[in-house]
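Okay, thanks for making time, everyone. I'd like to talk through a domain interface today, so let me put the structure up.

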Amino acid sequence: MLTPRENFLRTLRRQGFEWTPIDYWLCDSKIHDFENRYGHRDYKSFFEMDHRWVKIFEKTGSPELKAGIVNSPYFDNEELPDSTEFDVWGIGHSKGSEAAYHMTRMHHPLKGVTDADLIARYPLPSFDPKENSFMINEVKKIHNNGLAVICDLQMTIWEISWYLRSMEELIIDIMMGDEKARIILDRTTEYACQKARFYAQSGVDVLSLGDDIGTQAGPMIGMDMWEEWLKPRHKKVIDAAREVNPDILVFYHSCGHYTPFIPGLLEIGVDILNPIQPECMNFNEVHDLYGDKASFWGTLGSQQLIPFGTKEEIREEVHNRINTCGEKGGIVLGPSHLVEPEVPLDNLIAMKDATRELYKRTI
Amino acid sequence: MSKELLHQISVCVERGKVNKSAPFPPDMKEQDGADELTSHAIDLGVSADLILSEGLVPGMERIGVKFRENRVFVPEVLMAAKAMTAGMNHLRPFFQSGEVKRKGIFIIGTVMGDLHDIGKNLLGMMVEGAGWEVIDLGVDVPSSKYISALEEYPNAFIGLSCLLTTTMLNMGKIVEDIQAVKPETKILIGGAPVTDDFKNKIGADWYSADPQGAVEYLNKQ
Ligand code: B12
């Protein structure tokens, strides 16, 4: 029998597998439900996931910004609610209403900034490799437990840049050829490269990148803009990791419909496509076209199937996916996004059980 | 002459040509944009009404149709809206004096619990570009806020946006609350997970997958 890590990497490399791995991310209120039912919070072990996610420890570039200093040239004189907390990027997050559960509202520090120099000097976060030397041991520990390691470098450049600047202003900068767009995107790319290199040095198996370029009805941006502004920058990040470890697998996440970008993503070295939101993209079509060059992760609908589907419907879809991928594998199954409050825990159990029903040895 | 000018204004809006100094779109560099052309039209004595209905509105409508057909994307719509706003700014005094009237009032907001706003903002831009006044209540909006806005603008139409299945459930509640107070209010709904079936289920009046559909519905009222 393979170790979970061997099974996981084999299926992602489409070399045959013993069982189909799964991946869930539960939101806080769901973890709470889980704990109430099972008396612990370790849902990853409970669901027998073959891998663990890791993340480095980053420091804010500006303690003042993190404290939400009022007289900074940033935040466009916006009145930030008292509940606002700042992440390491200095991006503000304030509480929504009770109905918003864990979700917060974002406040963009670079919104309204007209001086390019202020953007060039904006304090980005940093990480100290020494302080993060625990990562090597952590990766080893997970490997010793027979599990694979994936690191989180999502919101890689495009999303984090829009979180800093606001989507509207970042897009307008790009369209107007304003140097501010280049400055932000270059700076976030450079930082992402540093992290990618560090993760690769720490021995992780999979590098996960992500930047939303799809919406429900179609691509979020045109191909020209993607080719010019994002593709070369994503390539830099992937190259940075591959210089250290040519075998590292690269995962790319975008919500929504992003079929037109897939050939370009494969060209720059992406191996795994996530989540292939089934309400927006047709999995079988994508698999027909790219199933010999890419593996898939997610693919089960967060908008319909996982929250509202019956156990039987979930089982059927799980079997469809595994059968479509066939003997070689090439899929990690999971909901196409975080598991939200309305998802019944029993649906997650049904999903996992269905993957185990087709437990087979195809090597 | 004025017909040609109005057509040019509409092209500037459709292509997102804001003003002369704007480098976008590249093939219109150095040319006047919606800003200069609208101001020029006013100087020539073209009525503000015509500038709106034959210049700005058709430009926005064409981009709306292209967007629906996935021939342009969010960036192009943002640029078109920016060009429209540049033109619209010259018309503000005429709105204030009452010389030009908007077609009606459309109150929009993302429903309680939901903080996505890109789609709602685009909807607002498109409907404004169709000649309506838009009151944007923001995100995470509870029933009470829609209802107090309706007290201020009793004949307004309401647009509810939602991007999450979690908050879709709140949409039904909001429709119910609004209808309990003002049953004659027309409520439009939209956003990624919303469907026509869902509209029927919660008793809203109109669903459309894209803003242009909302514009078409509103213009028929
Ligand atoms: C961009 C995005 C974000 C951005 C939002 C930025 C912002 N300021 O809005 C960020 C990254 C912050 C984000 C966060 C989250 N997101 Co989000 N997000 C998306 C994404 C990729 C695109 C949405 C978008 O902006 N589209 C562009 C606009 C133009 O399109 P649109 O909103 O659909 O609107 C169009 C039409 O629907 C219509 N329309 C919209 N409203 C209305 C109203 C009326 C009346 C009419 C007629 C028409 C209409 O007109 C618009 C233009 O055509 C979608 C993917 C998807 N499939 O849609 C996920 C998605 C909506 N997000 C999702 C989730 C889960 C989240 C989070 C909860 C994740 C988390 N746990 O943190 C958070 C919560 C956000 C919050 N606090 O509310 C899930 C929802 C799944 C579900 N269960 O329903 C989706 C579907 C992704 C997925 N993989 O499943 N998200």
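So, how many ångströms separate the centres of domain 1 of chain A and domain 2 of chain A, taken over C-alpha atoms? It's 26 Å. Keep in mind that this is a predicted model.

Where do the domains run? Domain 1 of chain A comes in two stretches, 4–57 and 127–356, and domain 2 of chain A is 60–126. At the contact, domain 1 of chain A puts in 22 residues and domain 2 of chain A puts in 21.

Now the area. Between them, the two domains of chain A bury about 1900 Å², and 70% of that sits on carbon and sulfur atoms. If you look at what domain 1 of chain A buries against domain 2 of chain A, Y163(A), L164(A) and R187(A) supply 34% of it, more than any other three residues.

What about polar stuff? The salt bridge count between domain 1 and domain 2 of chain A is 0. Polar contacts do turn up, though: 9 residue pairs across that interface, with both partners at pLDDT 80 or more.

Okay, secondary structure, on the domain 1 side that touches domain 2 in chain A. Helix 7 (158–165) and helix 9 (179–201) each supply at least two residues there. Helix 9 of chain A has the largest share, with 8 residues.

And the make-up of that side of domain 1 of chain A: 11 nonpolar, 3 polar and 8 charged residues. So much for composition; just put those 8 charged residues next to the salt bridge count of 0 between the two domains of chain A.

Conventions
Residues numbered from 1 in each chain as written. Chains lettered and ligands numbered in written order. Predicted model: local features only at pLDDT ≥ 70, side-chain atom pairs only at ≥ 80, totals over all residues. Heavy atoms only, no water. Domains from an automatic or database assignment. Contact = heavy atoms within 4.5 Å. Buried area = accessible area lost by both parts, 1.4 Å probe. Salt bridge = Lys/Arg side-chain N within 4 Å of Asp/Glu carboxyl O. Polar contact = N/O pair within 3.5 Å; in protein donor to acceptor, adjacent residues only side chain to side chain. Helix = DSSP H or I, 4+ residues; strand = E, 2+ residues; numbered from the N terminus. Nonpolar A, V, L, I, M, F, W, Y, C, P; charged D, E, K, R; others polar.
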